[in-house]
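Dear colleague,

Please find below the structure that I am handing over to you. My notes on its contents follow directly after it.

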Amino acid sequence: MCLAVALLATAAPFWAGAQAAEDAAGAAPDAVLHPAGVWWMYPDKGICVVQAELEDGRVLQLLHQDGFAVAVGESGDRKLPRGRRGDIITDQGSFLFTPLYENPGYVISQYMFTDAQMGLLRSTRTLQVRVDGEVLADAAFAEGDGFPGVIDDVAACAAGRPGWWTKAAAP
């Protein structure tokens, strides 16, 4: 079953350890909706997250802080299955990642992705995130939904460059 990327009902972020300092400071950054209406950007100093809700309610995130990572979040008190071997599977190929669980409903790639891995993500129209063979996220991207452009956007955001995610550019 393939889940198309769907618009988030709310702009509530799923934060992991990288956001602990921000949470301690009192508030997460404001979210900005991408012009295509699918992706939310959470801009912050040095780290940015772009996320979209999948049809099953899980959230797919692309993060950038000195490199790229992918994460999957589960809403409410639901827990994600745990495992040791992560796979990113696309219509163009696949690669392994090490899953890191910072809370029961959130998994992120422990290490940043290589340029070759990011090239694979840029060229895909489908993306699955699996852990020990179990599908955690299954997304199909459509023309005009903002993907793969959000990959470069999240890197530009983390570098402090302006774009649709900046306050001045927000609708």
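Two strands are counted as paired if DSSP finds at least two bridges between them. By that criterion, strand S11 (residues 126-131) and strand S12 (residues 134-140) pair in the antiparallel sense, over 6 bridges. Within this pairing, Leu 127 has Ala 139 in S12 as its bridge partner. Please note that the model is a predicted one.

The hairpin formed by S11 and S12 leaves 2 residues between the strands, and Asp 132 adopts a positive phi near 50° there. S11 is also joined to strand S7 (residues 86-90), by 5 bridges, and these two strands run antiparallel. Here Gly 86 finds its bridge partner in S11 at Val 131. As a general point, side chains in a regular strand alternate between the two faces of the sheet.

I turn next to helix H2. Which of its residues are buried? They are Gln 117, Met 118, Leu 120 and Leu 121. Viewed down the axis of H2, the buried residues fall within an arc of 155°, and therefore they line one face of the helix. The general background is that an α-helix has 3.6 residues a turn, so residues three or four places apart point the same way. Asp 115 and Ala 116, on the other side of H2, are exposed. The cover over the buried residues of H2 includes strands S6 (68-73), S7, S8 and S11, together with helix H3 (149-158). S7 and S11, which are joined by 5 bridges, are thus named again among the elements that cover this helix.

The aromatic residues are the last topic. The structure contains 5 aromatic pairs. One of them is formed by Phe 95 and Phe 113, whose arrangement is edge-to-face, with 5.1 Å centre to centre and 80° between the planes. This pair links distant parts of the chain: Phe 95 belongs to strand S8 (residues 93-97), while Phe 113 lies in the loop between strand S10 (106-109) and helix H2 (115-122), 18 residues apart. Are these two rings' residues buried or exposed? Phe 95 and Phe 113 are both buried.

A further edge-to-face pair consists of Trp 164 and Trp 165, with 5.6 Å centre to centre and 80° between the planes. Trp 164 and Trp 165 are both buried as well. Finally, Trp 39, Phe 141 and Phe 147 make up one aromatic cluster.

With kind regards

Definitions and conventions:
Residues are numbered from 1 along each chain as its sequence is written. This is a predicted model: local features need pLDDT of at least 70, side-chain atom pairs count only at pLDDT 80 or more; totals for chains, interfaces and linings use all residues. Side-chain values use heavy atoms; hydrogens and water are left out. Rings of Phe, Tyr and Trp (its six-membered ring) pair if their centres lie within 6.5 Å; planes under 30 degrees apart count as stacked, over 60 as edge-to-face and the rest as tilted. Helices (H or I, at least four residues) and strands (E, at least two) are DSSP runs, numbered from the N terminus. Buried means under 20% relative accessible area, exposed over 50%, partly exposed in between (1.4 Å probe, protein chains only). The arc is that of the directions from the helix axis to the C-beta atoms. Contact means heavy atoms within 4.5 Å.
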